[in-house]
Amino acid sequence: MEEIRRAAEAYYENLSEEKKRNARFSFNEMDKNGDGQINLYEYVEYLKKDNNTVLTHPSLFTALDKDGNGSLDFEETIVLYYIMQSGRALFCKCCDTFLADVYFSCFQCFCLDESASTYDLCCDCYGGKRFTHHDDAIFWDNYTLLSQSRSLALEAPVQKRRNVLKQIGMIVQVTGIVVGGACLASSSSCSIM
């Protein structure tokens with residue numbers, strides 16, 4: 001979770017003042033009793049209201065709660081804001097744990113299938129073979145997957161790569177997220193071949 005926390009802090013520091021105000025507004029919207037802390041109830045209610053039910057998973061709240069006091073302060077919710085903006089809310093398909101650091105994804109699901117799921121697994125479930133997936137599944141960790149996806153993208157014709165980059169540029173303009181854009185670049189690159 002520390003890497004996501006560091007990315008979130010860097011992301012926040014590079015936001016425009018308007019987007020920083022939006023992050024603070026989101027925090028204040030969650031903090032119904034105005035005590036400067038978001039408890040689990042406030043957290044779940046806010047996310048349900050915004051149809052972000054995938055983010056209501058208790059393992060995510062626990063991971064966000066860096067100091068373990070059972071509530072989230074503004075700095076801890078910056079990580080949530082980043083996760084919401086980047087689409088980085090991934091959970092292990094086997095044990096349903098929030099994937100905060102290195103994880104494994106099925107290469108075929110990521111690049112070849114039209115499936116919405118990339119079949120992501122935590123290191124414990126993957127290493128312990130505690131999952132069931134198709135027999136010919138090839139799993140790569142998220143860093144290898146990004147690197148290999150870039151290699152695949154470079155094999156695509158230049159014009160198709162430019163079209164994908166334009167699409168990513170539009171997403172980055174809307175969200176302001178470069179990290180999420182990089183991930184989108186890798187997933188889009190697989191489909192342009």
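Which helix lies across strand 3 and strand 5? The tour of this predicted model ends with the answer and begins at the nonpolar interior.

**The largest core.** Select Ile4, Tyr43, Leu55, Leu60, Leu64, Ile83 and Phe98: these have the most contacts inside the largest nonpolar core, which has 30 residues. Next, colour helix 1 (2-13), helix 2 (17-30), helix 3 (40-49), helix 4 (58-64) and helix 5 (74-86), each of which supplies at least two residues of this core. Helix 5 contributes the most, with seven residues.

Centre the view on Ile83. Leaving aside residues up to four places away in sequence, Ile83 touches Ile4, Leu55, Leu60, Leu64, Arg88, Ala89 and Phe98.

**The other core.** Apart from the largest core lies another, of twelve residues. To locate this second core, select Leu90, Cys92, Leu121 and Phe139, which are among its members.

**The sheet.** Now display the strands as a cartoon. An open sheet of three strands appears in the order 4-3-5, with antiparallel pairing. Strand 4 (120-122) and strand 5 (139-141) are the edge strands, each pairing on one side only. On average, and with direction ignored, neighbouring strands of this sheet are turned by 30 degrees against each other.

Zoom in on strand 3 (residues 103-106), which pairs with strand 5 in the antiparallel sense over three bridges. Selecting Ser105 shows Trp140 of strand 5 standing opposite.

**The crossing helix.** Finally, select residues 142-155. This is helix 8, which lies across strand 3 and strand 5. Helix 8 runs at about 100 degrees to strand 5.

Note on methods:
Residues numbered from 1 in each chain as written. Predicted model: local features only at pLDDT ≥ 70, side-chain atom pairs only at ≥ 80, totals over all residues. Heavy atoms only, no water. Core = buried A, V, L, I, M, F, W, Y, C linked by side-chain atoms within 4.5 Å. Buried < 20%, exposed > 50% of the residue type's maximum accessible area, 1.4 Å probe, protein only. Helix = DSSP H or I, 4+ residues; strand = E, 2+ residues; numbered from the N terminus. Contact = heavy atoms within 4.5 Å. Pairing = 2+ DSSP bridges. Axes fitted to C-alpha atoms, helices over the stretch in contact; angles between N-to-C directions.
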